Amino acid sequence: MNTSKPYTLVRKAEPYLWILPSIILMSIFIIIPIGFVFRMAFSEVTKAGLVKGFAGIENFAKVLKSAKFGLVLKNTIVWTIMVVVLSTVLGFILALLLNNEFKGRKIARAIVVFPWATTLVIQASVWKFIIDIDYGALNTLLKTLGIISSNVNWTPTPEAYFGWEIACGIFVTIPFVCFTALSGLQSIDSSYYEAATVDGAGYFQQLFNITLPLVKPSLTVATVLNIIYVFNSFPIVWTITKGDPASRTDTLVTYLYKLAFYNGKQGEAAAVSVIGFLILLVCASVYMVSTLKKGED
Amino acid sequence: MKKLIALLLALVMVIGLVACGNNEAPAADAPEAEAPKADAPAADAPAASDEKVTVTMIAAQYGNETADWWVGFEEKFEAANNGIDLVVDVVSWNDIYTVVNTRIANGEAPDLLNIDVFADYQADGLLLPAEDWVSEETYAKFFPSFLEQSIVDDVVWAVPDLASARALYYNADILEAAGVEVPTTWEELKTVCEAIKAYDAEIYPWGVDMTTDEGQACFAYYAWNNGGGFVDEEGNWTLNSAENVEAVNYIVGLVKDGLTNTDPTTETRYDLQEMFASGKVAMMIGPNQISKYCEANGGINYGIASLPTNGDKAGASVGVMDRIMCFDNGYTDAEMAAVTAVVDAFYDDEPYAEWVLMEDFLPATSSGNELCAQANPGMAAWIDVIGSAKFYPAAKAEWADVKLGVIDVLQQVLLGEDAQTMLDDLQADIAG
C-alpha cells in the first residue's frame with residue numbers, strides 16, 4: 001500500500017479538486033453578482049446607474065421609512081405562507097391519490113406535471129384571461145352552464161386580485177410538492193402498512209403514524225425550497241396586476257423591480273433585495289440547523 | 001461547529017436559489033450589452049485615413065418593423081459613407097433602460113441613444129449638447145417647441161426623433177344609437193356616458209387607463225384640460241393645485257359611477273384599444289395609432305375629436321416625444337464628424353418620413369411634416385394636434401418620481417383616499 005506523504009496529500013485534496021469547478025462557476029455567476037448587489041445597497045447610485053460613492057445605510061433607511069414597504073412586506077409574507085402551506089397540503093393529498101394503483105395512473109401523473117412544465121408568464125396570462133370580466137373563460141363557462149345570467153366581476157377589490165394570484169401560485173406549485181412527496185411515499189416499505197393493518201390501525205392512524213413521519217423529510221425539503229422560490233417569484237404578480245392598485249398586490253420582488261426600473265432608484269432596490277435575502281437566510285438557517293441537529297441526534 | 005457548517009450551507013443554498021429565482025424576472029432576460037463597443041481609436045488619437053470610424057447606437061424598438069428599418073438604414077448609410085461603420089442595436093422598451101444603464105456602468109455608453117428620457121443622463125454629465133453633434137442644417141428642421149422639451153440650464157441636450165399626440169376616439173354608431181353628440185366638456189361627457197349606459201349596459205361608455213403603464217397620461221388628460229398640470233410657468237411643481245384635485249376627483253367619480261371600464265388599474269391602453277375596436281368601449285383617449293388598429297381589427301365607424309375640457313377652460317392634447325442624444329465618449333474630430341453624419345442622414349427628408357410613417361408616428365421636423373401629410377392625408381389633422389400639445393416635464397430630474405406619484409394618487413383615490421391629502425403628500429415629497 002502506498003502511504004507516502006505526497007499520495008496522502010493528493011487523496012486529501014481530491015474531493016476539493018472535484019468541487020472546484022462548481023465553486024468557480026458559483027463564484028463567477030452567483031456570488032460575485034450578489035456581492036455587487038450588496039455594494040449597490042450601500043452606495044449612492046444615480047438614475048443612470050453610476051455608483052457615486054458610499055452611502056452607508058441611507059438606502060435601507062429610505063426603504064424602511066417608506067409607507068409602502070410595510071404593506072409590501074406584509075403582502076410578501078401572506079403570499080409566501082398561503083402559497084407554500086396550501087400547495088404543500090394539496091400537493092401531499094394529490095400525491096397520496098397518485099400513489100394508489102388505478103387505471104390511467106401514468107396519464108394522471110403526466111397531467112399533474114403540465115402546470116410545472118409551462119412557463120409562469122404563460123400560466124399567469126391564462127389565469128388573467130380566465131377571470132377577465134368581459135372575455136373571461138370562467139364567466140363564459142358559467143353562463144353556458146346557466147349558472148349565471150350576466151358577467152360577474154371576479155376581481156372587484158385588490159384583495160380579490162391578490163387571492164387569484166395566490167390561487168395561480170398554488171396551482172403552479174402543487175406539481176413540485178406532489179412529485180417530491182410521491183418519491184417519499186414510494187420509498188416507504190409496504191410491510192409497515194401490513195403490520196399496522198394486522199394490529200388493527202385505521203387509515204388515518206396509518207397516515208399520521210406511518211406515512212407522515214416517513215414522508216416528512218421529503219416534504220421539509222420541498223417546503224424550504226418552495227419558501228425561497230415563492231418568496232422570490234416575480235412573473236405571476238407582474239403579469240396579472242404589476243402590483244397595482246397602489247402596491248396593494250406588490251410583493252418585495254415586484255416592488256424592487258419598480259423601484260429599480262420605473263423609479264430609477266437602484267440603490268434602494270438593491271437594499272430591498274438585501275432585506276429579502278436576509279429574511280430567506282434566516283428561514284433557511286433555521287431549517288439547516290434543525291436538520292443537522294436531528295442528524296446528530 | 002455543526003451550527004457554523006449549517007449556517008454556511010444555508011447561505012450557499014439561499015444564494016443559489018435566489019439567483020435561480022431572479023432568473024424569472026424580465027430584467028434578467030434583458031439582453032446584455034449585445035453589441036460590441038465601438039473600437040474607436042483613443043480620444044486624442046486622430047483616426048487613420050484608411051481606418052473606419054465606428055459609430056454605435058442603441059435604438060428603441062417601436063414595433064415589428066423597427067429592427068428591419070434600421071438594418072436597411074445601416075446598409076444605405078455605410079454604402080454612402082465608406083469610412084464609417086454604423087452599429088445599431090435595436091432593443092425592446094422592456095429592456096432598453098437596463099441595457100443602457102449596464103453599458104454606462106461598464107464604461108461602454110453608446111455614441112447615440114434613441115429613447116424617451118434624457119434628464120438622468122444629463123444630470124450625470126454623460127451627454128454632449130445638441131449643438132456639438134447636430135449640424136446647423138438639421139437643427140433648423142426641428143420645431144422649436146419640441147426642442148424646448150429637452151432644455152436644461154439653457155442648453156438643448158437631445159433632439160426629437162418622433163412624436164405622438166392624444167385625441168378623443170369615439171364610436172360614431174354607438175353615439176348615434178344612444179342619441180347623443182360628441183362631448184366637448186366634462187359635463188357633456190358625463191351626460192353622454194349616462195346615455196350610452198342607458199342605451200346598452202354591456203357597453204363601457206368611457207375607457208380609462210390608470211395603470212402603472214400609463215396612468216400619468218390619465219392624470220394629464222384631466223389636469224391639463226382643467227387649467228392644472230404638473231408645473232407652473234416658472235417650472236415649479238404644482239401637483240396639489242385645486243385644479244388637479246378637481247381633475248382627479250372628476251375622473252375617479254366617473255369610474256365610481258360605473259361609466260368606465262371596470263378595472264382601470266389593470267386594464268392598459270392596449271386593452272382599451274382592443275375593446276374600442278370591438279365596440280365594447282364607446283369612447284377613449286388615445287394616440288393616432290388607434291386609427292390603424294381599428295381599420296385592421298374590425299373596421300368600426302369611429303371619429304376623432306378634441307379632449308373634453310372642464311367648462312370653457314382652454315383645452316390641450318397630450319404630446320409624447322422620444323429623443324436622440326449623444327453620449328460624451330471623448331471624440332476626435334473624425335469621430336464627431338461621423339456621429340454628425342449619422343444624425344444628418346437620419347433626418348434627411350426621405351428616410352425620416354419613411355421612419356415616421358413606418359409605425360404611424362408624427363414627425364418632429366417641418367419638412368417631415370410636409371412629406372408625411374402628402375403620404376398620408378389622415379395625418380394632417382394630427383400634425384395640427386401635435387402643434388398645440390403639451391408635453392410632460394421630462395427635463396426635470398424629479399419626473400420619474402412624479403410620474404409614478406400621480407399614478408399612485410389616482411389609484412389611492414380610487415380605493416377611497418382623499419385626493420387633496422394624497423396630492424399634498426406628493427407635492428411635499430417632490431418639492432419638499
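Which residue just after α13(B) takes a positive phi? In this predicted model, the residue is Gly279(B), and its phi is about 85°.

**Helix α13 of chain B**

The helix that precedes this glycine, α13(B), spans residues 269–277, and its buried residues are Arg269(B), Leu272(B), Gln273(B), Met275(B), Phe276(B) and Ala277(B). The cover over these buried residues includes β6 (158–171), β7 (204–207), β8 (281–287) and α14 (289–296), which belong to chain B. Helix α14 of chain B also holds Glu295(B), a residue that counts as partly exposed because it has 13 C-beta neighbours inside 10 Å. From Glu295(B) to Glu51(B) the C-alpha to C-alpha distance is 50 Å, and the two are 244 residues apart in sequence.

**Chain B as a whole and its domains**

Chain B contains 20 helices and eleven strands, and 47% of its 432 residues are buried. Among the contacts in chain B with a separation of 6 or more, 73% come from residues 24 or more positions apart.

The domain assignment splits chain B into domain 1, made of 38–163 + 320–391, and domain 2, made of 165–318 + 395–431. Taken over C-alpha atoms, the centres of these two domains of chain B are separated by 31 Å. The contact draws on 17 residues from domain 1 of chain B and 14 residues from domain 2 of chain B. On the side of domain 1 of chain B that touches domain 2 of chain B, the elements that give two or more residues are α5 (119–123), β4 (151–152) and α18 (379–387) of chain B. Of these, α18(B) gives the most, with three residues. Sorted by class, this side of domain 1 of chain B has eleven nonpolar, four polar and two charged residues.

**The largest nonpolar core**

The largest nonpolar core has 188 residues, and the members that touch the most others are Ala163(B) and Leu410(B). Helix α7 of chain A, residues 158–186, gives the most to this core, with 13 residues. With its neighbours within four places in sequence left aside, Ala163(B) is in contact with Phe146(B), Gly319(B), Val320(B), Met321(B), Phe361(B), Leu362(B), Ala364(B) and Ile386(B).

**Strand β3 of chain B and its partners**

Strand β3 of chain B covers residues 112–115; Leu112(B) and Asn114(B) point one way, Leu113(B) and Ile115(B) point the other way, and all are buried. With strand β1 of chain B (residues 53–61), β3(B) runs parallel and is joined by three bridges, and Ile58(B) stands opposite Leu113(B) in β3(B). With strand β10 of chain B (residues 318–326), β3(B) pairs in the antiparallel sense over four bridges, and the bridge partner of Asn114(B) in β10(B) is Ile324(B).

**Chain A: domains and one loop**

Chain A is divided into domain 1 (1–41) and domain 2 (59–296), and 34 Å separate the centres of these two domains of chain A, taken over C-alpha atoms. Where the two domains of chain A touch, four residues of domain 1 are in contact with seven residues of domain 2. The residues on the domain 1 side of this contact in chain A divide into four nonpolar, no polar and no charged.

The backbone of the loop between α10 (235–240) and α11 (252–261) of chain A, where Pro245(A) is placed, deserves a separate look. As a rule, most residues other than glycine have a negative phi, and most peptide bonds are trans. The peptide bond from Asp244(A) to Pro245(A), however, is cis, with omega near -5°. Lys242(A), found in the loop between α10 and α11 of chain A, and Ala246(A), placed in the loop between α10 and α11 of chain A, have the phi values listed here.

| Residue | Phi | C-beta atoms counted around the residue |
|---|---|---|
| Lys242(A) | positive, about 55° | 21 other C-beta atoms within 10 Å |
| Ala246(A) | positive, about 50° | 23 C-beta neighbours inside 10 Å |

Neither Lys242(A) nor Ala246(A) is a glycine. A residue is buried if 20 or more other C-beta atoms lie within 10 Å of its own, so Lys242(A), with 21 of them, is buried, and because Ala246(A) has 23 such neighbours, Ala246(A) counts as buried.

Notes: Residues numbered from 1 in each chain as written. Chains lettered and ligands numbered in written order. Predicted model: local features only at pLDDT ≥ 70, side-chain atom pairs only at ≥ 80, totals over all residues. Buried ≥ 20, exposed ≤ 12 C-beta atoms within 10 Å, placed from the backbone. Domains from an automatic or database assignment. Nonpolar A, V, L, I, M, F, W, Y, C, P; charged D, E, K, R; others polar. Core = buried A, V, L, I, M, F, W, Y, C linked by C-beta atoms within 7 Å. Pairing = 2+ DSSP bridges.
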